[in-house]
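Let's take a walk through this protein together, starting with the broad picture and then moving in on a few spots. Keep the model open beside you as you read.

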Amino acid sequence: MAALSKGRFVKPLSGLDGSFLHLETAATPMHVGSLHCFEPPPGGAAQFRNAIRQMLAERLPRTPVLRRKLATMPLQFANPVWIDDPAVNLDDHVRSVTLPMPGGQAELEDCIGELHAQLLDRERPLWMLYVINGLAEGQAAFYVKIHHAVLDGSAGVALAHALFDSEAQPAATPAAPARRARTAPPPGVLSLAAAAVQHDAVQYLKLVRHLPAAARLLGGLAKHALGARGEASGESALRRNLALGPKTALNVQITGERRFAAISLPLDALKQIATANDAKLNDVVLALCSGALRRYFAHRGGVPEKSLIAAMPISLREAGNAEFTTKATMAVVSLATQIADPLARLQTIREAAGAVKAVAKRAESILPTDFPSIGLPWVLGGLAALYGRSTLANRIPPIANLVISNVPGPTAPLYCCGARMIDYWPISIVEHGLGLNITVMSYAGQLGFGITSARIAMPQPQKLADALRQSFDELCAASRPAAVSLKPARKRRAGATGART
């Protein structure tokens, strides 16, 4: 959409992006984040904050997504719009925190859990960056969070490529044009209302235009989902995915307190496991999480007889699309946690995940990420507040027990202010009834597992991280041991403290 206010960029939020704003409460922040750990930077960790601030100041003119600011509709009758704020004050967005001694992995994870629980200020662009001081052996790190209304995981990777370098000393880039010191006034009421009406008119036309295609596709989805493996196998896999999950400690009403843990596993070994079992890498990720959950619950009341169900985001982003918005849908898949044998469990997960992805692939052209928004803030905001007060999550059977998301990340090492990034861990969202989120991102030969939990649902996610490492060892040992390279899992950086009890 064209600028409607003397040079300030105006873009309505999509229906999906807006929903992340309207569903947000103090107990359910809707931002995502990432933790980046670096080798000791040039000039020492003490100068790292200043170097990062300078880097952001230089790249902000070329990174408009970090200048986006909300302009709310009159009476909040529809989604807000994004306007450009060329006068971003980096002092409001770049902060420092210092870890308590000894500055190891335990202290780092505790710090991230506390920072991730804090809501973003909607009067400013919706992101924050915290440089973390006090790490062992002079290493450096920072945690960045950005609202899910701004981007999804794939767009977050694109942002990382814009902010980080592919070499320690990158070639100089031309200076960006100077930003205007004085900002234009924000859009007026009429401009905002016109933007909302125009957006919704376009979306209604799209919905009407796509109705015939949607009907044809929906009619053929069930048959397509059965796949080449035969009707019985396909139908059985779909039924397993659509079954409700067992009630567990993860599926409760939550508070705003968060916990975090992280572990990295060697990507080559995981690919070898996938190849040895005629599976996809994502199937192996699901199987690792399934095995870890079995171990976790075995020490906390027993493994549920019924399989846990994972909510699994599926990207709808076309190849080459780097638009900063959310383009994904959510599916559910059985984790086969009732099966003890790791290879049999992987096989069952492979069939279940294949069935749901076949359905999603066929339906992706009719799954909207944008839709009309007039009245949506009132409806979703009211429902979120009501659901948060009702404690329904403590009583209703869960459609899913947790969220597992797998995002392809950078394949080559990245650098920031001359320091090489050694770990890249994602941090995500939990909700009432879904108190655990495992988001996985590949980076430079590793697969980083970021475990985000509501404290009331999982107070010690480090236990699940340890179980993930054991699940990896088990799957390696069972998957043609001669063909799988057993490299050590990386959970703790050099000099970090041991596992907590």
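What follows goes from the whole chain to its salt bridges, and then to some local details of the backbone.

First of all, this is a predicted model. The protein has 501 residues, and 53% of them count as buried. Its secondary structure comes to 11 helices and 15 strands. As for the outside, about 21400 Å² is exposed, with carbon and sulfur atoms supplying 58% of that area. How do the contacts spread along the sequence? If you take contacts between residues at least 6 apart in sequence, 81% of them join residues at least 24 apart.

Now go to helix H1, which covers residues 15-22. Is H1 mostly covered or mostly open? Mostly covered: 8 of its 8 residues are buried. If you'd like to pick them out by name, they are Gly15, Leu16, Asp17, Gly18, Ser19, Phe20, Leu21 and His22.

Carry on past that helix and you come to Glu24, in the loop between H1 and S2. What does the side chain of Glu24 meet in a salt bridge? Its partner is the side chain of Arg122, with 2.7 Å from N to O. Arg122 sits in the loop between helix H3 (105-116) and strand S6 (127-133), so this salt bridge ties together parts of the chain that are 98 residues apart in sequence. The two ends of the pair are not covered alike. Because buried means under 20% relative accessible area, Glu24 at 14% counts as buried. Arg122, with a relative accessible area of 33%, is partly exposed.

Glu24 has other company too. Its side chain makes a polar contact with the side chain of His147, at 3.2 Å. Setting aside the neighbours within four places in sequence, the residues in contact with Glu24 are Pro29, Met30, His31, Leu119, Arg122 and His147.

The Glu24 pair is one part of a wider set, as the count comes to 11 salt bridges. Another of these joins the side chains of Arg67 and Asp84, with 2.9 Å from N to O. This pair also links distant parts of the chain: Arg67 is in the loop between helix H2 (48-59) and strand S3 (68-71), while Asp84 is in strand S4 (residues 81-84), 17 residues apart. Here both partners, Arg67 and Asp84, are buried. There is a network of salt bridges to look for as well, which links Asp92, Asp121 and Arg124.

For a pair inside one helix, jump ahead to H11 (residues 461-478), where Asp466 and Arg469 are 3 residues apart, which means about one helical turn separates them. An α-helix has 3.6 residues a turn, so residues three or four places apart point the same way. The side chains of Asp466 and Arg469 do meet in a salt bridge, at 3.5 Å from N to O. Asp466 is buried, with a relative accessible area of 14%, whereas Arg469, at 28%, is partly exposed.

Let's turn back to the strands. Strand S5 (residues 94-98) pairs with S6 in the parallel sense, over 5 bridges. To find your place in this pairing, look for Val97, which stands opposite Ile132 in S6. Add helix H3 and you have a β-α-β unit: S5, H3 and S6 together make one that is right-handed.

The loop between S5 and H3 is worth a stop, since Pro102 has its place there. What kind of peptide bond joins Met101 and Pro102? The bond is cis, with omega at about 5°. Most residues other than glycine have a negative phi, and most peptide bonds are trans.

That brings us to phi, and to two last stops. Cys417 has a positive phi of about 55° although it is not a glycine. You'll find Cys417 in the loop between strand S12 (415-416) and strand S13 (419-427), and at 24% relative accessibility it counts as partly exposed. Ala444 likewise has a positive phi, near 45°, in a residue other than glycine. Look for Ala444 in the loop between strand S14 (436-443) and strand S15 (446-454), where it is partly exposed, with a relative accessible area of 26%.

Terms used: Residues numbered from 1 in each chain as written. Predicted model: local features only at pLDDT ≥ 70, side-chain atom pairs only at ≥ 80, totals over all residues. Heavy atoms only, no water. Salt bridge = Lys/Arg side-chain N within 4 Å of Asp/Glu carboxyl O. Helix = DSSP H or I, 4+ residues; strand = E, 2+ residues; numbered from the N terminus. Buried < 20%, exposed > 50% of the residue type's maximum accessible area, 1.4 Å probe, protein only. Polar contact = N/O pair within 3.5 Å; in protein donor to acceptor, adjacent residues only side chain to side chain. Contact = heavy atoms within 4.5 Å. Pairing = 2+ DSSP bridges. Right-handed = clockwise from strand over helix to strand, strands pointing away. Areas by Shrake-Rupley, 256 points an atom, 1.4 Å probe, with all protein chains shown as cover.
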